[in-house]
Structure formats: C-alpha cells, structure tokens
Amino acid sequence: MACMKLGSKTDAFQRQGQAWFCTTGLPSDIVVEVEEMSFHLHKFPLLSRSGVMERLIAESSEEEEEGCVIKLPGIPGGAKTFELVAKFCYGVKLELTSSNVVYLRCAADHLEMTENHGEGNLISQSEIFLNQVVLRNWKDSIKALQTCDDILPQAEQLNITNRCIESLAVKANTDPNLFGWPIMERSGPMQSPGGSLLWNGISMGARARNSSSDWWYDDVSSLSLPLYKRLIAAMELRGVRQEILSGSIMYYSRKFLPGLNRRQGTGESSSRFAPAPPSEEDQKLLLEEIDRLLPMQKGLVSTKFLFGLLRTAMILRASTSCMSNLERRIGMQLDQATLEDLLMPNFSYSMETLYNVDCVQRILEHFLALDQLTGGASPCSIDDGRLIGSPSLTPITMVAKLIDGYLAEVAPDVNLKLPKFQLLAAAVPDYARPLDDGLYRAIDIYLKSHPWLADSDREQLCRLIDCQKLSLEACTHAAQNERLPLRIIVQVLFFEQLQLRTSIAGCFLVSDNLDGSRQLRSGLVGSTEGGGGGGGGGWATAVRENQVLKVGMDSMRMRVSELEKECSNMRREIEKLGKGKVGSGSGSRSSSGAWEGVSKKLGFKIRSQMCSAQEGSVSNQINNGGGGGGKIEKGKEKLRKQKKI
C-alpha cells in the first residue's frame with residue numbers, strides 16, 4: 001500500500017477511556033468534542049492550521065472566561081479522522097494511506113486547512129498524495145473509492161469519487177502489462193514497468209505471465225452497488241467491450257446472490273464468495289439492478305446464468321418487468337439451453353404443477369417471434385408436402401427437440417392440464433420437427449399418466465402427431481399402442497406399410513443394379529487377386545456390403561409378408577361382416593384407387609414419396625399381394641361401428 005509520512009515529532013498523544021490527552025508538558029487550554037470522544041489540546045497548534053478552529057476559539061474565548069470547550073459535529077470521518085488531524089497540527093508523524101486520504105482530504109476541507117494557515121497544510125498534502133500516488137495505482141484507487149461510501153456527499157463535492165472512477169475505467173481499458181507492478185501485484189510477484197519479474201528491486205529477466213481480461217473482476221466486486229454501477233457506466237464510455245463488462249456483472253451477481261451458486265460446478269470454489277449474503281430485500285433490489293445493467297444482446301451472457309437469475313427472481317418475488325426481461329433474454333438464445341435449464345420448479349402459491357410450464361411457454365414465444373423477425377422461419381425447404389434438406393443443426397430444430405424433451409419430462413405430472421400441455425406442444429412449428437418421434441413419445445407418456453382422458457380429448461391431442469414423420473420404429477410401436485385412438489392407429493398402419501413398400505421398391509432397384517454388375521465385379525475381383533494387386537481388399541469389402549444389404553432386404557420382405565397376411569385376415573373378416581357392401585366397393589376400383597379412396601375418407605393425404613420407377617414397383621406389389629389395404633378396411637369398419645354406437 002502506498003503511504004507518505006508527514007511531520008517529524010514523536011507521538012505525544014495518549015488515550016484514557018473516551019478522552020485523548022496531549023502530553024507536551026503544558027496543561028491543555030481547550031477541549032474539542034467530536035462524537036463521544038474528548039480531545040484535551042492546546043489552542044495555538046489548532047488555530048494556526050485551521051480557519052474554522054481559529055473562528056471557534058475566538059468565539060469561545062469571548063463567551064467564556066474559564067476553559068474553552070468546542071463541539072465539532074459532522075466532521076468527515078468522525079473522531080478517528082480528527083485524531084489524525086490533531087496530530088498533523090502538532091507536527092506528529094502522520095502516515096497518509098489510500099484508506100485514510102479521502103477522510104483527511106474531506107476533513108481538511110471541512111476545517112479550512114488551506115495554505116493561508118500555514119505552508120504545506122493538510123489540504124495540499126492530501127491532494128498531492130491523492131493525485132500523484134493513489135490515482136496512479138489500481139489497488140489504491142479501489143480502496144480510496146471504497147472509503148467514499150461513508151462520506152459520499154463531501155467526496156462528491158470535492159470530485160474525489162469521479163476521479164477514482166475515471167482512473168479505474170482508464171486502467172481497465174488498457175493492457176495491464178503496461179502498468180507493471182502496481183496492477184499485477186494482486187495476482188503474482190512484483191514486476192518492473194517492462195514486465196520482467198523483480199526480486200528486491202533487481203530484474204530476474206523472466207517475463208511475467210500475461211493477465212486475462214477478467215483480472216479486475218474481483219477487485220471491483222468489493223464496491224457498493226451504486227459505485228459499481230457508476231464504474232461500469234464509465235468503463236462502457238471508455239470503450240471496454242460489452243462481453244468483458246457482462247463477465248464482471250456475472251461475477252458481481254454470483255458474489256452477492258447466493259441462489260446463483262447452488263448449481264455451480266464442484267470445480268468452482270465457493271470460498272471466493274465469502275461475504276455474508278445480504279437480506280432478501282437487498283438481494284431483490286440487487287437482482288433488479290443487475291437486470292438493468294446487463295446488455296440486451298444475444299450471447300454476451302450464458303444461458304445457464306440467465307436461467308439462474310430467473311429462478312432466483314421467482315424465489316425473491318422480483319418485479320414483473322424484471323422477470324419479463326429475463327424471459328425475453330432467455331428467449332433470444334433458447335437454442336443454447338439444456339433440458340435441465342428448462343426444468344424450473346413452480347414457486348407460485350397455488351402449486352398447480354410441479355414445473356413452471358407457463359414460463360417455458362412465454363420463453364418459447366419470445367424465441368419464435370425473434371426467429372420470424374430475423375428471417376429464420378424455415379430451416380429447410382418444403383417441396384410437394386415433403387421436407388427437403390438436413391435441418392438437424394438449425395436453432396429452430398434444436399429448440400423443437402428441446403421442447404419435445406421438456407414435454408416428456410413434465411407429462412407424468414397428473415396436475416398438468418391438457419390445454420396447457422397441448423398449447424406448448426402445438427407452439428412448435430411443424431417444419432421445425434424433421435421427425436415426430438419425440439412428440440409421439442411425450443404424448444404417449446401423457447396419455448399413460450392421464451388414463452381418465454375422454455376419447456375425444458385423446459384424439460384431439462394425437463392430431464398433433466404427423467404420422468408421415470414417424471420413423472419405422474415409432475410406427476411399429478404406435479401400431480401396437482392401445483392408448484392411441486383407433487383413427488390414429490389406422491393412419492400409422494397405413495403409412496407404415498407405405499414406407500415399407502417404398503423402401504423395398506428402392507431396394508429392388510438397387511438389387512437389380514447390383515445383380516447386373518455382380519458378374520463383372522466377380523471377374524474383376526478374381527483378376528485382381530490373381531494379379532496380386534493391392535486393390536483386392538476394396539472389392540472384397542464391396543461384396544460383403546452387398547451381402548449385408550441382401551440380408552436387410554430379406555428381413556424387410558419378411559416384414560411385408562407378415563403385414564400382407566394380417567391384411568388378408570382382416571379383409572376376410574370384413575367380408576364376413578359387411579358381405580356385399582365391401583365387395584361391391586372393392587370390385588369397382590383398382591388397387592391404387594382403393595388406397596386413394598380410403599385415404600380421403602380417413603382425412604389425411606398421401607405424400608409423394610416415390611420416384612416413377614419406385615411407383616411402378618410398389619403398384620405391382622400391391623396388385624400381386626392382394627392384401628395391401630386390408631388393415632385400412634378393418635379400421636374403416638371399426639369407425640363405422642363406433643359411429644353407430
């Protein structure tokens with residue numbers, strides 16, 4: 001710590017209880033009362049240095065013939081500071097430091113200790129030390145600024161607070177290595193102005209390690225909130241980057257908001273946040289101020305930190321505008337969130353649901369609104385009702401996957417009402433989901449946890465699922481799922497069979513090409529092996545891959561065969577029940593026409609998923625199989641029975 005000693009005499013002051021005595025051999029002729037302390041001093045040293053003391057002593061001498069008693073209310077720094085002032089008046093050695101210079105400077109101004117009352121008076125001495133020592137040093141500027149809190153009106157009047165803030169703002173915007181040891185003393189060994197390490201003032205030649213941009217975070221976090229806000233504003237005017245300022249605000253928040261540290265990793269030590277936590281009301285005010293300080297810009301603050309602020313705001317019952325701003329900030333970068341972040345408990349008095357679904361709904365709406373404004377509405381093009389492209393890495397697709405996972409987590413809550421669940425599920429645009437497997441899983445969990453739902457509610461909820469966007473595995477599961485409405489099961493069966501036929505048609509085309517070139521490949525493999533060339537391994541690998549493909553085709557053929565048998569059984573049962581009605585309808589149409597008629601009556605549209613060559617193969621198999629539409633006919637008959645009932 002920088003310091004300067006004033007005066008030359010030894011200390012001649014002694015304290016006895018609540019009184020100070022000057023032991024110079026002469027009896028005291030004046031008593032100065034400051035707060036609860038009494039100073040038994042002499043008139044001449046005081047009036048020779050202070051204009052205020054000179055006037056007060058003169059007034060007191062005229063009024064009282066015996067003993068002079070003077071009261072000094074409101075002196076900056078109180079009795080402790082006046083003790084230092086009195087010692088300075090007596091010429092006792094006085095040590096100026098960054099911790100007392102502000103008090104002494106304000107007290108000297110209060111007592112009018114100017115050059116008119118002695119050369120080298122306390123005002124000039126403290127001003128010189130403040131400008132030439134304290135304001136040139138980072139650590140001393142921090143300590144001086146901290147002391148301004150206690151005497152802020154006087155420090156503001158003398159412009160000490162602004163000078164300290166400007167000094168810190170300039171240093172924070174400059175490479176700390178340029179300042180040498182006064183800056184770097186906080187984190188390591190002393191350095192020379194050139195950056196080399198020093199030992200007893202001798203350069204060791206080794207260069208000091210460069211400090212990062214967050215070297216000042218811990219120091220400024222010791223400031224009170226009003227001074228910290230002013231310092232951040234001054235740094236912003238000085239051109240300090242927004243991401244650096246945001247990092248400082250995050251550090252400051254974690255230090256005084258204990259709720260933010262409950263989810264911190266084990267690698268981050270909590271000992272850094274040693275100060276006792278403020279009261280809940282102070283934390284609430286601090287959080288609302290932090291919200292105003294944070295820049296409204298995407299990516300400057302981590303999403304996990306914003307969720308921590310929002311969770312803390314809910315606990316502390318922060319203002320509605322504060323929580324709305326935090327939700328809007330999170331919505332701007334929702335694609336960077338995790339499922340754990342979204343699982344915020346419901347802190348409301350009603351405790352209607354376990355998790356705060358309404359908050360997630362609002363955050364999602366903010367994200368979608370911003371996505372529309374920025375032109376990122378569709379991550380992939382849509383041609384003829386079919387998704388084209390690979391949208392797996394787009395923000396909107398990531399958010400859709402995140403929401404589907406969240407729906408699956410909150411679905412088991414028996415208190416979660418259907419409209420709330422349905423509204424959140426429907427808020428995600430259709431184009432954002434390349435597959436509906438995640439949505440199907442969430443709806444299935446909800447149906448399992450809410451078995452009392454009416455059939456109409458089940459069907460309305462399941463309409464959110466696009467059966468054409470279910471994978472083959474999901475279709476297989478849905479076809480056997482008793483919780484789904486019959487209409488949905490029929491649609492799933494229809495599209496499952498259509499997908500299988502389309503896939504097999506494509507495999508047949510590939511198989512024909514492979515069979516046509518198998519003989520040529522076999523000859524090439526043989527010639528290569530016989531010639532001892534290095535390319536035999538590649539042809540052998542291709543042959544093995546063809547064999548694996550054939551095995552896959554065989555398994556798909558078996559699956560289609562099983563489905564066709566089921567369809568044949570269903571058709572026979574329908575013929576027994578319906579007799580002439582079903583027979584007359586099927587006899588007047590071709591196989592492809594029957595498929596089209598069933599699809600129209602069931603209320604969905606077949607997407608064009610086959611090229612011309614595939615269409616030919618599929619149509620031939622439908623005609624040859626004879627049972628392609630059996631499951632649909634059975635589903636149709638069951639629907640008719642339900643309507644009659």
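Q: If helices are DSSP runs of H or I with at least four residues, and strands are DSSP runs of E with at least two, both numbered from the N terminus, how many of each are in the chain?
A: The chain has 28 helices and 11 strands. This is a predicted model, in which local features need pLDDT of at least 70 and side-chain atom pairs count only at pLDDT 80 or more, while totals for chains, interfaces and linings use all residues. Residues are numbered from 1 along each chain as its sequence is written, and side-chain values use heavy atoms, leaving out hydrogens and water.

Q: What makes β2 and β3 a pair?
A: Two strands pair if DSSP finds at least two bridges between them. Strand β2 (residues 13-16) and strand β3 (residues 19-22) have 4 bridges in the antiparallel sense, so they meet the rule. Phe-13 stands opposite Cys-22 here. The two strands form a hairpin with 2 residues between them, and Gly-17 in the turn has a positive phi of about 65°.

Q: How do you know that β3 also pairs with strand β5?
A: With β5 (residues 37-41), β3 shares 3 bridges, and the two run parallel; the rule asks for at least two, so this is a pair too. Trp-20 has Phe-39 as its bridge partner in β5.

Q: Why is Asn-159 called partly exposed?
A: Buried means under 20% relative accessible area, exposed over 50%, and partly exposed in between (1.4 Å probe, protein chains only). Asn-159 has 36% relative accessibility, so it counts as partly exposed. This residue lies in the loop between α7 (152-157) and α8 (160-172), and its phi is near 65°, a positive value in a residue other than glycine. Most residues other than glycine have a negative phi.

Q: What makes Arg-317 partly exposed?
A: Its relative accessibility is 37%, so Arg-317 falls in that class as well. Arg-317 is found in the loop between α14 (303-316) and α15 (320-332) and has a positive phi of about 60° although it is not a glycine.

Q: What share of the chain is made up of buried residues?
A: Of the 645 residues, 46% are buried.

Q: How do you know that 70% of the contacts between residues at least 6 apart in sequence join residues at least 24 apart?
A: Contact means heavy atoms within 4.5 Å. Among contacts in the chain between residues at least 6 apart, 70% join residues at least 24 apart.
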